[in-house]
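Student: I would like a close look at one part of this protein. Please keep it brisk and define the terms as you go.

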Amino acid sequence: MTPLPKSLRLRLVLGLSLTMCLIWGGVAAWQFTNMQRELRTMLDERLIASSKMVASIVHQFQPALSAASAPAAQEALQSVIGRDGVACEVSLVRSEVDVLPTARTLARTGDGPDFSTASTVGFGQITKGGKVWRTYVLEHNGLRVATADRLDVREHLVQTVVRTLVLPFALALAGVLLLTWWIST
């Protein structure tokens with residue numbers, strides 16, 4: 001066992017540094033896991049809210065959508081431009097008369113995943129072009145709304161928040177060490 005340093009200053013700086021690292025490290029780890037969970041929950045809630053909002057908008061305009069049977073109108077509806085990493089698809093799963101054998105797509109964002117593989121209502125995952133998407137499917141009154149976020153975009157957001165937490169922690173720790181060294185002289 002190595003003996004403790006004889007310098008009071010060195011022992012004070014090392015003791016405070018170790019204490020600060022342990023306390024702040026524990027708090028940072030707790031905040032990070034809590035923030036990660038909250039951020040993922042918030043992004044999932046955004047998918048649910050987007051699905052519900054799109055469903056309510058489509059229900060408001062459904063008579064106009066069913067009347068829009070011209071090929072040009074259908075093509076315009078099916079090529080809605082979406083942001084990179086976000087996708088949505090709106091389909092009819094039943095008509096006014098009978099259940100349709102397959103869902104009829106009313107509108108979808110370009111370059112999104114194929115939502116036909118997302119057969120279950122609720123959360124799921126789809127892979128397109130090597131990219132994994134987090135999906136949410138809502139079926140309401142014969143309308144099927146599927147929304148999705150790319151998981152790599154979500155993880156980039158989490159990593160940005162982590163960097164935002166780590167840099168101030170490192171700077172504050174270095175400041176405490178320097179101040180402790182300076183005060184103890």
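Student: In which helix is the place of Trp181? Please start there, then take in the salt bridges and the rest.

Tutor: Trp181 sits in helix α4, residues 151-183. Helices here are DSSP runs of H or I with at least four residues, strands are runs of E with at least two, and both are numbered from the N terminus. A word on the source: this is a predicted model, where local features need pLDDT of at least 70, side-chain atom pairs count only at pLDDT 80 or more, and totals for chains, interfaces and linings use all residues. Residues are numbered from 1 along each chain as its sequence is written, and side-chain values use heavy atoms, with hydrogens and water left out.

Back to Trp181. Its relative accessible area is 37%, so Trp181 is partly exposed. The classes are: buried under 20% relative accessible area, exposed over 50%, partly exposed in between, with a 1.4 Å probe and protein chains only. Trp181 joins Leu10 and Leu14 in a nonpolar surface patch of about 270 Å². Patch residues have over 30% relative accessible area and no salt bridge; nonpolar side chains (Val, Leu, Ile, Met, Phe, Trp, Tyr) are joined within 5 Å, like charges within 9 Å. Areas come from the Shrake-Rupley method with a 1.4 Å probe; for residues, only the protein chains shown count as cover.

Now the salt bridges. Side chains of opposite charge can pair when their charged atoms come close. The cut-off used is a side-chain nitrogen of Lys or Arg within 4 Å of a carboxyl oxygen of Asp or Glu. The structure holds eight such bridges. One of them joins Asp149 to Arg154, with the closest N and O atoms 3.7 Å apart. Asp149 is buried, at 3%. Arg154 is buried too, at 8% relative accessibility. Another pairs Arg150 with Asp152, at 2.8 Å from N to O. Here Arg150 is buried at 13%, whereas Asp152 is partly exposed at 32%. Salt bridges with shared partners also link Asp44, Arg46, Arg134, Asp149 and Arg154 into one network. Glu139 pairs with Arg144, their closest N and O atoms being 3.7 Å apart. Glu139 is partly exposed at 39%, but Arg144 is buried at 7%.

Next, a strand pair. Strand β3 (residues 122-128) and strand β4 (residues 131-140) run antiparallel, joined by seven bridges. Two strands count as paired if DSSP finds at least two bridges between them. Phe123 has Tyr136 in β4 as its bridge partner. β3 and β4 form a hairpin with two residues between them. Gly129 lies in the turn and has a positive phi of about 60°.

Then the cysteines. A disulfide is a covalent bond between the sulfur atoms of two cysteines. The test is a pair of cysteine sulfur atoms within 2.5 Å. A search of the whole structure finds zero. Cys21 is partly exposed at 35%, and Cys88 is buried at 17%.

Last, the whole chain. The protein has four helices and five strands. Their order from the N terminus is α-α-α-β-β-β-β-β-α. Of its 185 residues, 28% count as buried. The accessible surface is about 12,000 Å², and 67% of that belongs to carbon and sulfur atoms. Among contacts (heavy atoms within 4.5 Å) with a separation of 6 or more, 60% are between residues 24 or more positions apart.
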